[in-house]
Amino acid sequence: MFAASRQAFPPAHLLSLAIAASLAAPIAQAAFVEDSSASLTATNIYFNRDFREGDGQNKREEWGQGFRLDVQSGFTEGTVGFGLDAMGLLGIKLDSGKGRTGTDLLPVHDDGRSADEFSRLGMTAKVKVSATEFRYGSHVPELPVVKASDSRLLPQVFEGGLLTSSELEGLTFTGGRLDKVIDRASTNEEDLVLASKNRRFAAGISADHLDLAGVDYKFAPGFTGRYYFADLDDLYRQHFFGLLSSHKLGAGTLSNDLRLILSKDSGASKAGKVDNRAINAMLSYGISGHKFGLGFQDMSGDTGFAYIDGSDPFLINFVQINDFANADQRSWQARYDYSFASFGLPGLSFMTRYITSDDARVAGSNQRGGEWERDIELKYVVQSGPLKDLYIRARNASFRSDFARDADENRIIVGYSLPIW
């Protein structure tokens, strides 16, 4: 089964221009090829989510293997450099069954059974002038206003154009337009849809495109300020303000991650009212292999947090199962990380966190309630030998809610990335 749709490729004129420029002269062709790279990433995931109450499917359990081939060209010589990248994605079913689907590891057919395999191909044309680069085609963005989900066999992929510029020291500008998305367990390009978790907004409301622009500025040693603006056409506008800091304190390192996100309905407002202010703060202190963190997240306004369906909301308390982003919801996080390197076991690490919340307002009702989640993760990365950098992760989570379905979840993930050239 193979799928690659029209928008997965750059426009014909841009693609032709990139290829023609790369062949224009021997020197240009050499740079295009010699600076290229390729890698193959393999990800094996067993996923089990057991719902403890409520109606409907009581378990989601599947096992699959994913492959991602990334080929990146260099740029042609000259003032304007051209290049072309390719991303090949393949997912394979290892175990599933009717009544156990819905993990988002694999696509589900109309008869309720998961696909045996699925694949897609993305191409990206790129143009570079000085320290400014424009890319058109397939993207896996990690931005405060749109963060592709990458926690299954294959990543979520967005289509469109993005420009990044680092002409000024310490400052990076990012801007562009994204107009289609291919979700993690899909081969089909689809419109951008507003997420409707817990009925926060009407289901299935789509937008023509997402416009975005933002800057990251390192204005002092250890301090980075961030501002991003996004407009999901006729649905909402969003402003993101962030401050990252990290500096030595005593024998350890103190880190801060502060975020303020303002979301309001815009244009024709097909989703109705969007009105949310999200305050996020995470304070962490690391010393001698230990890292302690405390987080706070507060939702205010008339609605819950707005983001694109299938993507990862850029929130401190978006964790393994839940996002704690209902209207008026306040949540607190306590987190602990430990690296066993200081214990003589390099590559082995442990993480646990607990998030609790109150005062969440359920859309469409007068109900309010609390939620909590506890996550545990043990990870080992091979340090040497032929399997160097292969990793194994065991993840466990328990989620309880006054208004959503309780769940317990286990994931076993084995991953390896092989440089080809």
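Which residue lies over the face of Phe-75? In this predicted model, that residue is Lys-126, placed 4.8 Å from the ring centre. Lys-126 also turns up among the charged pairs, as part of a salt-bridge network with Asp-85, Glu-133 and Arg-135. Another lysine over a ring is Lys-379, whose charged end sits above Tyr-391 at 5.0 Å from the centre of that ring.

Turning to ring-ring pairs, a search of the whole structure gives 9 aromatic pairs. One of them joins Tyr-217 and Phe-219, with 6.4 Å between the centres and 40° between the planes, so this pair goes down as tilted. Neither ring belongs to a buried residue: Tyr-217 is partly exposed at 39% relative accessibility, and Phe-219 is partly exposed too, at 44%. Phe-223 joins in as well, since ring pairs link Tyr-217, Phe-219 and Phe-223 into a cluster.

Salt bridges come next, and the model holds 29 of them. As a general point, side chains of opposite charge can pair when their charged atoms come close. Arg-100 and Glu-61 make one such bridge, the closest N and O atoms being 3.8 Å apart. This pair links distant parts of the chain, with Arg-100 in the loop between S3 and S4, Glu-61 in strand S2, and 39 residues from one to the other. Arg-100 is partly exposed at 21% relative accessible area, while Glu-61 is buried at 16%.

Strands S12 and S13 have a bridge of their own. Here Arg-226 pairs with Asp-216, and the closest N and O atoms are 2.4 Å apart. Arg-226 lies in S13 (residues 223-232) and Asp-216 in S12 (residues 210-220), so the bridge ties together parts 10 residues apart in sequence. The acidic partner, Asp-216, is buried, with 16% relative accessibility.

A further bridge brings together the side chains of Asp-275 and Lys-264, at 3.4 Å from N to O. Asp-275 is in strand S16 (residues 275-287) and Lys-264 in strand S15 (residues 252-265), so parts 11 residues apart in sequence are tied together. Asp-275 is buried at 16% relative accessibility, whereas Lys-264 is partly exposed at 45%.

What about individual positions along the strands? Thr-43, in strand S1 (residues 37-51), is buried with a relative accessible area of 13%. Leaving aside neighbours within four places in sequence, the contacts of Thr-43 include Gly-64, Gln-65 and Gly-66, along with Arg-152, Leu-153 and Ile-413.

Met-87, in strand S3 (residues 80-95), is likewise buried, at 9%. Beyond residues up to four places away in sequence, Met-87 touches Leu-69, Leu-121, Val-140 and Val-157, among others. Gln-383, by contrast, is 296 residues from Met-87 along the chain, and the two C-alpha atoms are separated by 27 Å.

Leu-69, a contact of Met-87, lies in strand S2 (residues 59-72) and is partly exposed at 33% relative accessibility. Together with Ile-420 and Trp-421, Leu-69 makes a nonpolar surface patch of about 310 Å².

Asp-116 offers a loop example, lying between S3 and strand S4 (117-129). At 55% relative accessible area, Asp-116 is exposed. Not counting residues up to four places away in sequence, Asp-116 touches Gly-91, Ile-92 and Lys-93. His-209 is 93 residues from Asp-116 in sequence and 32 Å away in space, C-alpha to C-alpha.

Note on methods
Residues are numbered from 1 along each chain as its sequence is written. This is a predicted model: local features need pLDDT of at least 70, side-chain atom pairs count only at pLDDT 80 or more; totals for chains, interfaces and linings use all residues. Side-chain values use heavy atoms; hydrogens and water are left out. Rings of Phe, Tyr and Trp (its six-membered ring) pair if their centres lie within 6.5 Å; planes under 30 degrees apart count as stacked, over 60 as edge-to-face and the rest as tilted. Buried means under 20% relative accessible area, exposed over 50%, partly exposed in between (1.4 Å probe, protein chains only). A charge sits over a ring if NZ of Lys or CZ of Arg is within 6 Å of the ring centre and within 35 degrees of the ring normal. Helices (H or I, at least four residues) and strands (E, at least two) are DSSP runs, numbered from the N terminus. Contact means heavy atoms within 4.5 Å. Patches are made of residues with over 30% relative accessible area and no salt bridge: like charges are joined within 9 Å, nonpolar side chains (Val, Leu, Ile, Met, Phe, Trp, Tyr) within 5 Å. Accessible areas come from the Shrake-Rupley method with a 1.4 Å probe; for residues, only the protein chains shown count as cover. A salt bridge is a side-chain nitrogen of Lys or Arg within 4 Å of a carboxyl oxygen of Asp or Glu.
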